[in-house]
Amino acid sequence: MTRTVLESKTKTVVIGFDEPFCVIGERINPTGRKKLAAELEMGDFSTVEKDALEQVACGATVLDINSGAVFSNKMAEDPRYADNNFVEPPLMRDLISRVQAVVDVPLCIDSSVPAALEAGLEAAEGRPLLNSVTGEEERLELVLPLVKKYNVPVVAISNDDTGISEDPDVRFAVAKKIVERAADFGIPAHDIVVDPLVMPVGAMATAGRQVFTLVNRLREELGVNTTCGASNISFGLPNRHGINGAYLPMAIGAGMTSAIMNPVRNQEMEAIRAANLLMNHDPNGMEWIKLAKVLDAMKEEGVSFAEASAAAAAAGGGRRGGRRRRG
(Lines give C-alpha, C1' and ligand atoms only; values in the text may rest on other atoms or scores of the structure.)
Protein backbone atom coordinates (compact mmCIF):
# COMPACT_ATOMS: atom_id res chain seq x y z
CA MET A 1 0.00 0.00 0.00
CA THR A 2 1.10 3.56 -0.70
CA ARG A 3 2.86 5.17 2.26
CA THR A 4 4.18 8.75 2.25
CA VAL A 5 6.61 9.12 5.14
CA LEU A 6 7.11 12.51 6.83
CA GLU A 7 9.46 13.17 9.73
CA SER A 8 10.33 15.78 12.32
CA LYS A 9 13.33 15.56 14.62
CA THR A 10 11.93 12.58 16.53
CA LYS A 11 8.49 11.78 15.11
CA THR A 12 7.25 9.99 12.01
CA VAL A 13 3.89 10.57 10.36
CA VAL A 14 2.68 8.27 7.58
CA ILE A 15 0.08 9.38 5.05
CA GLY A 16 -1.49 6.25 3.64
CA PHE A 17 -4.60 4.41 2.53
CA ASP A 18 -4.71 2.38 5.76
CA GLU A 19 -3.58 5.18 8.07
CA PRO A 20 -5.58 7.70 10.11
CA PHE A 21 -6.47 10.81 8.11
CA CYS A 22 -3.55 13.24 8.19
CA VAL A 23 -4.51 16.73 9.37
CA ILE A 24 -2.10 19.39 8.07
CA GLY A 25 -2.60 22.58 10.09
CA GLU A 26 -2.97 25.62 7.84
CA ARG A 27 -2.85 28.56 10.24
CA ILE A 28 0.81 29.59 9.96
CA ASN A 29 0.08 31.57 6.83
CA PRO A 30 0.14 35.40 6.66
CA THR A 31 -1.90 35.47 3.45
CA GLY A 32 -5.13 37.27 4.30
CA ARG A 33 -4.06 37.72 7.94
CA LYS A 34 -3.02 41.36 8.16
CA LYS A 35 -2.35 41.22 11.88
CA LEU A 36 -0.02 38.25 11.52
CA ALA A 37 1.78 39.85 8.55
CA ALA A 38 2.28 43.04 10.58
CA GLU A 39 3.69 41.04 13.51
CA LEU A 40 6.11 39.20 11.25
CA GLU A 41 7.25 42.48 9.73
CA MET A 42 8.22 43.61 13.24
CA GLY A 43 9.97 40.32 13.99
CA ASP A 44 7.21 39.21 16.38
CA PHE A 45 6.61 35.45 16.17
CA SER A 46 4.33 35.12 19.21
CA THR A 47 1.19 34.36 17.17
CA VAL A 48 3.12 31.83 15.07
CA GLU A 49 4.24 30.01 18.22
CA LYS A 50 0.72 30.14 19.68
CA ASP A 51 -0.80 28.83 16.45
CA ALA A 52 1.74 26.01 16.29
CA LEU A 53 1.00 24.87 19.84
CA GLU A 54 -2.79 25.13 19.46
CA GLN A 55 -2.93 23.27 16.16
CA VAL A 56 -0.86 20.35 17.44
CA ALA A 57 -2.91 20.18 20.64
CA CYS A 58 -6.13 20.08 18.57
CA GLY A 59 -4.94 17.18 16.44
CA ALA A 60 -2.72 18.41 13.60
CA THR A 61 0.05 15.91 12.98
CA VAL A 62 1.76 18.09 10.34
CA LEU A 63 2.04 21.90 10.19
CA ASP A 64 2.00 23.90 6.97
CA ILE A 65 4.46 26.83 7.03
CA ASN A 66 3.66 29.54 4.47
CA SER A 67 6.02 32.49 4.04
CA GLY A 68 3.90 34.58 1.67
CA ALA A 69 3.94 37.80 3.71
CA VAL A 70 3.69 41.37 2.40
CA PHE A 71 5.80 43.83 4.39
CA SER A 72 4.15 47.12 3.45
CA ASN A 73 6.13 49.42 5.74
CA LYS A 74 9.50 47.95 4.82
CA MET A 75 8.49 48.07 1.17
CA ALA A 76 8.10 51.84 1.42
CA GLU A 77 11.61 52.13 2.83
CA ASP A 78 13.35 49.57 0.64
CA PRO A 79 11.99 48.52 -2.80
CA ARG A 80 13.55 45.06 -2.43
CA TYR A 81 10.73 44.17 -0.03
CA ALA A 82 8.30 44.30 -2.96
CA ASP A 83 9.98 41.15 -4.29
CA ASN A 84 8.88 37.84 -2.75
CA ASN A 85 12.17 36.33 -3.85
CA PHE A 86 13.86 38.71 -1.39
CA VAL A 87 11.32 38.47 1.45
CA GLU A 88 10.37 34.82 1.62
CA PRO A 89 13.62 32.79 1.92
CA PRO A 90 14.83 34.40 5.19
CA LEU A 91 11.28 34.54 6.55
CA MET A 92 10.78 30.84 5.83
CA ARG A 93 13.95 29.98 7.76
CA ASP A 94 12.80 32.11 10.71
CA LEU A 95 9.30 30.63 10.73
CA ILE A 96 10.62 27.06 10.70
CA SER A 97 13.14 27.79 13.43
CA ARG A 98 10.44 29.27 15.69
CA VAL A 99 7.96 26.48 15.05
CA GLN A 100 10.51 23.69 15.61
CA ALA A 101 11.45 25.33 18.90
CA VAL A 102 7.94 24.85 20.32
CA VAL A 103 6.55 21.69 18.66
CA ASP A 104 8.00 18.48 17.28
CA VAL A 105 5.88 17.48 14.28
CA PRO A 106 6.73 17.17 10.58
CA LEU A 107 6.37 20.33 8.51
CA CYS A 108 4.86 21.17 5.14
CA ILE A 109 6.98 23.88 3.47
CA ASP A 110 4.64 26.10 1.49
CA SER A 111 5.73 28.78 -0.98
CA SER A 112 5.50 29.77 -4.63
CA VAL A 113 9.14 30.93 -4.45
CA PRO A 114 11.65 28.14 -5.19
CA ALA A 115 14.37 29.84 -3.12
CA ALA A 116 12.00 29.86 -0.13
CA LEU A 117 11.27 26.17 -0.64
CA GLU A 118 14.99 25.39 -0.59
CA ALA A 119 15.53 27.62 2.44
CA GLY A 120 12.81 25.64 4.20
CA LEU A 121 14.33 22.33 3.19
CA GLU A 122 17.67 23.44 4.61
CA ALA A 123 16.10 24.57 7.90
CA ALA A 124 13.66 21.73 8.50
CA GLU A 125 14.63 18.80 10.68
CA GLY A 126 13.65 15.36 9.45
CA ARG A 127 11.72 14.83 6.22
CA PRO A 128 9.19 17.59 5.45
CA LEU A 129 6.50 17.71 2.77
CA LEU A 130 7.18 20.25 -0.01
CA ASN A 131 4.22 22.35 -1.10
CA SER A 132 4.12 22.45 -4.06
CA VAL A 133 4.64 21.54 -7.71
CA THR A 134 2.11 22.04 -10.52
CA GLY A 135 1.93 20.77 -14.07
CA GLU A 136 3.37 24.01 -15.41
CA GLU A 137 6.59 23.30 -17.27
CA GLU A 138 8.63 25.99 -15.52
CA ARG A 139 7.45 24.84 -12.10
CA LEU A 140 8.25 21.19 -12.87
CA GLU A 141 11.80 22.09 -13.89
CA LEU A 142 12.36 24.21 -10.78
CA VAL A 143 10.73 22.09 -8.06
CA LEU A 144 11.29 18.44 -9.01
CA PRO A 145 15.10 18.76 -8.78
CA LEU A 146 14.65 20.06 -5.21
CA VAL A 147 12.41 17.10 -4.37
CA LYS A 148 15.04 14.71 -5.69
CA LYS A 149 18.01 16.53 -4.10
CA TYR A 150 16.51 16.54 -0.59
CA ASN A 151 14.62 13.23 -0.93
CA VAL A 152 11.30 14.62 0.27
CA PRO A 153 7.67 14.08 -0.73
CA VAL A 154 5.83 16.80 -2.63
CA VAL A 155 2.28 18.09 -3.04
CA ALA A 156 1.29 17.99 -6.74
CA ILE A 157 -1.46 20.45 -7.67
CA SER A 158 -3.60 19.52 -10.65
CA ASN A 159 -3.27 22.67 -12.74
CA ASP A 160 -0.88 23.48 -15.56
CA ASP A 161 -0.01 26.22 -18.03
CA THR A 162 -3.65 26.37 -19.17
CA GLY A 163 -4.87 27.12 -15.63
CA ILE A 164 -7.41 25.20 -13.51
CA SER A 165 -9.82 23.14 -15.55
CA GLU A 166 -13.40 22.53 -14.48
CA ASP A 167 -13.18 19.16 -16.24
CA PRO A 168 -12.09 16.46 -13.72
CA ASP A 169 -10.62 14.36 -16.53
CA VAL A 170 -8.24 17.20 -17.38
CA ARG A 171 -7.23 17.57 -13.75
CA PHE A 172 -6.55 13.83 -13.58
CA ALA A 173 -4.42 14.07 -16.72
CA VAL A 174 -2.36 16.86 -15.15
CA ALA A 175 -1.79 14.76 -12.03
CA LYS A 176 -0.73 11.81 -14.19
CA LYS A 177 1.69 14.06 -16.09
CA ILE A 178 3.30 15.21 -12.81
CA VAL A 179 3.65 11.63 -11.56
CA GLU A 180 5.27 10.60 -14.84
CA ARG A 181 7.63 13.59 -14.91
CA ALA A 182 8.59 12.92 -11.30
CA ALA A 183 9.43 9.33 -12.24
CA ASP A 184 11.87 10.73 -14.82
CA PHE A 185 13.72 12.32 -11.88
CA GLY A 186 13.66 9.07 -9.92
CA ILE A 187 10.89 10.27 -7.59
CA PRO A 188 8.49 7.42 -6.68
CA ALA A 189 4.71 7.79 -6.80
CA HIS A 190 4.46 7.17 -3.05
CA ASP A 191 6.30 10.47 -2.50
CA ILE A 192 3.70 12.45 -4.45
CA VAL A 193 0.57 13.72 -2.67
CA VAL A 194 -1.90 14.97 -5.28
CA ASP A 195 -4.21 17.92 -4.68
CA PRO A 196 -7.03 17.39 -7.22
CA LEU A 197 -8.24 20.96 -6.56
CA VAL A 198 -11.53 21.35 -4.73
CA MET A 199 -13.93 23.78 -6.41
CA PRO A 200 -16.49 25.74 -4.32
CA VAL A 201 -19.76 23.84 -4.32
CA GLY A 202 -21.61 27.17 -4.23
CA ALA A 203 -20.24 27.96 -7.69
CA MET A 204 -20.26 24.40 -9.09
CA ALA A 205 -22.96 22.07 -7.82
CA THR A 206 -21.01 18.96 -8.86
CA ALA A 207 -17.78 20.04 -7.11
CA GLY A 208 -18.11 17.54 -4.26
CA ARG A 209 -18.92 14.59 -6.49
CA GLN A 210 -16.05 15.54 -8.82
CA VAL A 211 -13.56 15.39 -5.97
CA PHE A 212 -14.81 12.03 -4.72
CA THR A 213 -14.54 10.53 -8.21
CA LEU A 214 -11.10 12.08 -8.79
CA VAL A 215 -9.72 10.87 -5.45
CA ASN A 216 -10.83 7.34 -6.21
CA ARG A 217 -9.20 7.44 -9.67
CA LEU A 218 -5.96 8.88 -8.29
CA ARG A 219 -5.83 6.11 -5.71
CA GLU A 220 -6.76 3.23 -7.99
CA GLU A 221 -4.99 4.27 -11.23
CA LEU A 222 -1.93 6.22 -10.02
CA GLY A 223 -1.51 4.78 -6.51
CA VAL A 224 -0.93 8.19 -4.92
CA ASN A 225 -2.03 9.80 -1.70
CA THR A 226 -4.20 12.90 -1.86
CA THR A 227 -4.79 16.18 -0.08
CA CYS A 228 -6.80 19.37 -0.51
CA GLY A 229 -7.51 22.78 0.91
CA ALA A 230 -10.55 21.52 2.82
CA SER A 231 -12.34 24.85 3.26
CA ASN A 232 -12.41 25.56 -0.49
CA ILE A 233 -15.52 23.39 -0.82
CA SER A 234 -17.61 25.82 1.29
CA PHE A 235 -16.20 29.11 0.00
CA GLY A 236 -18.86 31.84 -0.25
CA LEU A 237 -21.57 29.92 1.60
CA PRO A 238 -23.07 30.40 5.08
CA ASN A 239 -22.40 27.95 7.92
CA ARG A 240 -19.16 26.85 6.26
CA HIS A 241 -18.13 24.59 9.15
CA GLY A 242 -21.27 22.51 8.69
CA ILE A 243 -20.42 21.94 5.03
CA ASN A 244 -16.77 21.21 5.80
CA GLY A 245 -17.80 18.81 8.54
CA ALA A 246 -19.94 16.84 6.08
CA TYR A 247 -17.46 17.01 3.20
CA LEU A 248 -14.42 15.67 5.04
CA PRO A 249 -15.84 12.24 6.03
CA MET A 250 -17.24 11.84 2.52
CA ALA A 251 -13.80 12.62 1.05
CA ILE A 252 -12.19 10.18 3.48
CA GLY A 253 -14.69 7.51 2.44
CA ALA A 254 -13.75 8.17 -1.20
CA GLY A 255 -10.08 7.59 -0.33
CA MET A 256 -8.63 11.02 0.46
CA THR A 257 -5.77 10.64 2.93
CA SER A 258 -4.96 14.17 4.13
CA ALA A 259 -6.14 17.79 4.10
CA ILE A 260 -4.66 21.21 4.72
CA MET A 261 -7.17 22.71 7.13
CA ASN A 262 -7.81 24.53 10.38
CA PRO A 263 -7.70 21.94 13.18
CA VAL A 264 -8.81 24.45 15.81
CA ARG A 265 -12.41 24.05 14.56
CA ASN A 266 -13.95 21.29 16.67
CA GLN A 267 -16.79 20.56 14.21
CA GLU A 268 -14.38 19.51 11.48
CA MET A 269 -12.11 17.60 13.86
CA GLU A 270 -15.08 15.72 15.32
CA ALA A 271 -16.08 14.68 11.79
CA ILE A 272 -12.55 13.45 11.01
CA ARG A 273 -12.24 11.51 14.25
CA ALA A 274 -15.61 9.85 13.60
CA ALA A 275 -14.55 8.97 10.04
CA ASN A 276 -11.29 7.44 11.31
CA LEU A 277 -13.28 5.32 13.75
CA LEU A 278 -15.74 4.19 11.07
CA MET A 279 -12.91 3.39 8.61
CA ASN A 280 -11.21 1.23 11.30
CA HIS A 281 -8.27 3.64 11.43
CA ASP A 282 -8.63 4.33 15.15
CA PRO A 283 -7.52 1.23 17.11
CA ASN A 284 -9.93 0.53 19.97
CA GLY A 285 -11.51 3.95 19.41
CA MET A 286 -8.87 5.59 21.59
CA GLU A 287 -8.69 8.86 19.62
CA TRP A 288 -12.48 9.14 19.57
CA ILE A 289 -12.62 8.62 23.32
CA LYS A 290 -9.93 11.28 23.85
CA LEU A 291 -11.90 13.72 21.69
CA ALA A 292 -15.11 12.99 23.58
CA LYS A 293 -13.37 13.95 26.83
CA VAL A 294 -12.19 17.20 25.26
CA LEU A 295 -15.71 18.03 24.05
CA ASP A 296 -17.09 17.26 27.52
CA ALA A 297 -14.51 19.59 29.09
CA MET A 298 -15.58 22.37 26.72
CA LYS A 299 -19.16 22.10 27.95
CA GLU A 300 -18.37 21.64 31.62
CA GLU A 301 -15.64 24.28 31.91
CA GLY A 302 -16.79 26.77 29.28
CA VAL A 303 -13.42 26.74 27.49
CA SER A 304 -12.52 26.72 23.81
CA PHE A 305 -11.64 23.62 21.83
CA ALA A 306 -8.00 24.77 21.71
CA GLU A 307 -7.89 25.32 25.49
CA ALA A 308 -9.54 21.98 26.29
CA SER A 309 -7.29 20.16 23.81
CA ALA A 310 -4.15 21.75 25.24
CA ALA A 311 -5.16 20.77 28.76
CA ALA A 312 -5.84 17.19 27.67
CA ALA A 313 -2.49 17.00 25.85
CA ALA A 314 -0.65 18.33 28.90
CA ALA A 315 -2.37 15.80 31.14
CA GLY A 316 -1.66 12.94 28.76
CA GLY A 317 1.94 13.81 27.99
CA GLY A 318 1.36 13.99 24.20
CA ARG A 319 1.81 11.42 21.45
CA ARG A 320 5.07 9.72 20.61
CA GLY A 321 6.45 8.47 17.37
CA GLY A 322 9.43 6.67 15.98
CA ARG A 323 12.23 8.23 13.94
CA ARG A 324 13.46 7.41 10.47
CA ARG A 325 16.46 8.84 8.67
CA ARG A 326 16.10 11.05 5.60
CA GLY A 327 17.63 9.36 2.57
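In this predicted model, the largest cavity encloses about 80 Å³ of space. Thirteen residues line the largest cavity, and those closest to its centre are F17, E19, I252, M256 and H281. By class, that lining comprises 6 nonpolar, 5 polar and 2 charged residues. How many cavities of 30 Å³ or more does the structure hold? The count is 1.

Let us turn from enclosed space to open space. The second largest pocket has a volume of about 930 Å³. Its lining is made up of 38 residues, and E26, N29, G229, N232 and I260 are the ones nearest the centre of this pocket. Sorted by class, the lining of the second largest pocket has 11 nonpolar, 16 polar and 11 charged residues. Several elements contribute at least two residues each to this lining: strand 3, strand 4 (62-66), strand 6 (129-134), strand 7 (154-157), helix 9 (240-254) and strand 10. Which of the elements gives the most to the lining of the second largest pocket? That is helix 9, with 4 residues.

Two of these contributors, strand 3 and strand 10, are also partners in a sheet. Strand 3 (residues 22-28) pairs with strand 10 in the parallel sense, over 4 bridges. Within this pairing, C22 stands opposite S258 of strand 10. In a regular strand, side chains alternate between the two faces of the sheet. Strand 10 (residues 258-261) shows this nicely: S258 and I260 point one way, while A259 and M261 point the other way. Are these four residues of strand 10 buried or exposed? All of them are buried. I260 thus appears twice in this account, as a buried residue of strand 10 and as one of the residues nearest the centre of the second largest pocket.

Finally, a look at the backbone. Most residues other than glycine have a negative phi. Here are two residues with a positive value:

| Residue | Phi | Loop |
|---|---|---|
| L197 | near 70° | between strand 8 (192-195) and helix 8 (207-222) |
| N280 | about 65° | between helix 10 (266-278) and helix 11 (286-301) |

Why does L197 count as buried? Its relative accessibility is 13%, and the cut-off for buried is under 20%, so L197 falls in the buried class. N280 counts as exposed because its relative accessibility is 65%, where exposed means over 50%.

Notes:
Residues numbered from 1 in each chain as written. Heavy atoms only, no water. Buried < 20%, exposed > 50% of the residue type's maximum accessible area, 1.4 Å probe, protein only. Pairing = 2+ DSSP bridges. 1 Å grid on protein atoms, 1.4 Å probe; cavity = no way out; pocket = protein on both sides within 12 Å on 5 of 7 lines; lining within 4 Å. Points joined across faces, edges and corners; volume = space filled by probe spheres on them. Nonpolar A, V, L, I, M, F, W, Y, C, P; charged D, E, K, R; others polar.
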